[in-house]
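Student: I should like to examine this structure by asking how each label is justified. May we take the labels one at a time?

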Amino acid sequence: MRRLGTSLVALAVLAGASPARAGTEAAPAGKVGTVVSLTFDDGDATHVAAARLLERRGMRGTFYVNSATVGRKGKLTRKQVVALARAGHEVGGHTLTHVRLDELTRDEQRGQICDDRERLLAWGLRPVTLAYPFGAVDAQAKKVARSCGYDAARTVGGLKQW
């Protein structure tokens, strides 16, 4: 079997989602469903193959890219990132250069998170979620992510809505 890069499969249990209709309609009031979220971090070039596998099965994934590394050797190109979104996959932020946010000043965090999101927006994407590199986050980085416009963010263990 071909290796698909450094991918992470995360499971998130979100209120109001029906497994049979995940992403299309809310579950009836009072019901809680399970949504399985397949996520791929770091923008590896091999993620194109992962997207094709998902698409053949009628599924979509979330691809977290570091916008400053897009186009480098072994990484997705900008054209590929945009194509993922056009194919119905979510493209989320993962900071500019994949740094540990808990080791940065607030200004450095802001640059890594906000500049990354702004670049993705400039490419015509709609990044609404952020994946903290290495799952490394502190309270300050969470506030910065929120102020940059993200609706939710995840560590290694799952998605957290604000």
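**The disulfide and its surroundings**

Tutor: The torsion about the S-S bond of Cys 114 and Cys 148 is about -70 degrees, so the disulfide is left-handed. Please bear in mind that the model is predicted.

Student: What makes Cys 114 and Cys 148 a disulfide?

Tutor: Their sulfur atoms lie 1.7 Å apart. The cut-off for a disulfide is a pair of cysteine sulfur atoms within 2.5 Å, so the pair qualifies. The structure holds one disulfide.

Student: Which parts of the chain does the pair link?

Tutor: The pair links distant parts of the chain, 34 residues apart. Cys 114 belongs to helix α3 (residues 106-122), whereas Cys 148 sits in the loop between α4 (139-147) and β6 (152-154).

Student: Why is Cys 114 called buried?

Tutor: Cys 114 has a relative accessible area of 8%. Buried means under 20%, so Cys 114 meets the criterion.

Student: How do you know whether Cys 148 is buried or exposed?

Tutor: The relative accessibility of Cys 148 is 12%. That value is under 20%, and therefore Cys 148 counts as buried.

**The nonpolar cores**

Student: Which residues touch the most other members of the largest nonpolar core?

Tutor: Val 65, Val 81 and Leu 125 do, in a core of 17 residues. At least two residues of this core come from each of β2 (35-41), α1 (47-56), β3 (62-65) and α2 (78-86). The element that gives the most is α1, with four residues.

Student: What does Val 81 touch, not counting residues up to four places away in sequence?

Tutor: Val 81 touches Val 65, Val 70, Leu 76, Val 91 and Leu 125. Apart from the largest core lies another, of 11 residues, and among them are Ile 113, Cys 114, Leu 130 and Tyr 150.

**Thr 69 and Leu 96**

Student: What makes Thr 69 a buried residue?

Tutor: Thr 69 is found in the loop between β3 and α2. Its relative accessible area is 11%, which is under 20%, so Thr 69 is buried.

Student: What does the side chain of Thr 69 reach at 2.9 Å?

Tutor: It reaches the backbone oxygen of Asn 66. The cut-off for a polar contact between N or O atoms is 3.5 Å, and 2.9 Å lies within it. Not counting residues up to four places away in sequence, Thr 69 also touches Lys 75 and Leu 96.

Student: Why is Leu 96 called buried?

Tutor: Leu 96 has a relative accessible area of 14%, under the 20% limit, and is therefore buried. Leu 96 lies in the loop between β4 (90-93) and α3. Leaving aside neighbours within four places in sequence, its contacts include Asn 66, Ser 67, Ala 68 and Thr 69, as well as Gly 111 and Arg 119.

Student: How far is Leu 96 from Val 65 in sequence and in space?

Tutor: Leu 96 and Val 65 are 31 residues apart in sequence and 8.3 Å apart in space, C-alpha to C-alpha.

**The chain as a whole**

Student: How many helices and strands does the protein chain have, and in what order do the elements run?

Tutor: There are four helices and seven strands. From the N terminus on, the order is β-β-α-β-α-β-α-β-α-β-β.

Student: What share of the residues counts as buried?

Tutor: Of the 162 residues of the protein chain, 43% count as buried. The chain exposes about 8800 Å², of which carbon and sulfur atoms supply 52%.

Technical notes
Residues are numbered from 1 along each chain as its sequence is written. This is a predicted model: local features need pLDDT of at least 70, side-chain atom pairs count only at pLDDT 80 or more; totals for chains, interfaces and linings use all residues. Side-chain values use heavy atoms; hydrogens and water are left out. Buried means under 20% relative accessible area, exposed over 50%, partly exposed in between (1.4 Å probe, protein chains only). A nonpolar core is a set of buried Ala, Val, Leu, Ile, Met, Phe, Trp, Tyr and Cys residues joined through side-chain atoms within 4.5 Å. Contact means heavy atoms within 4.5 Å. A polar contact is a pair of N or O atoms within 3.5 Å; within protein, one must be able to donate a hydrogen and the other to accept it, and residues adjacent in sequence count only if both atoms are side-chain atoms. Accessible areas come from the Shrake-Rupley method with a 1.4 Å probe; for residues, only the protein chains shown count as cover.
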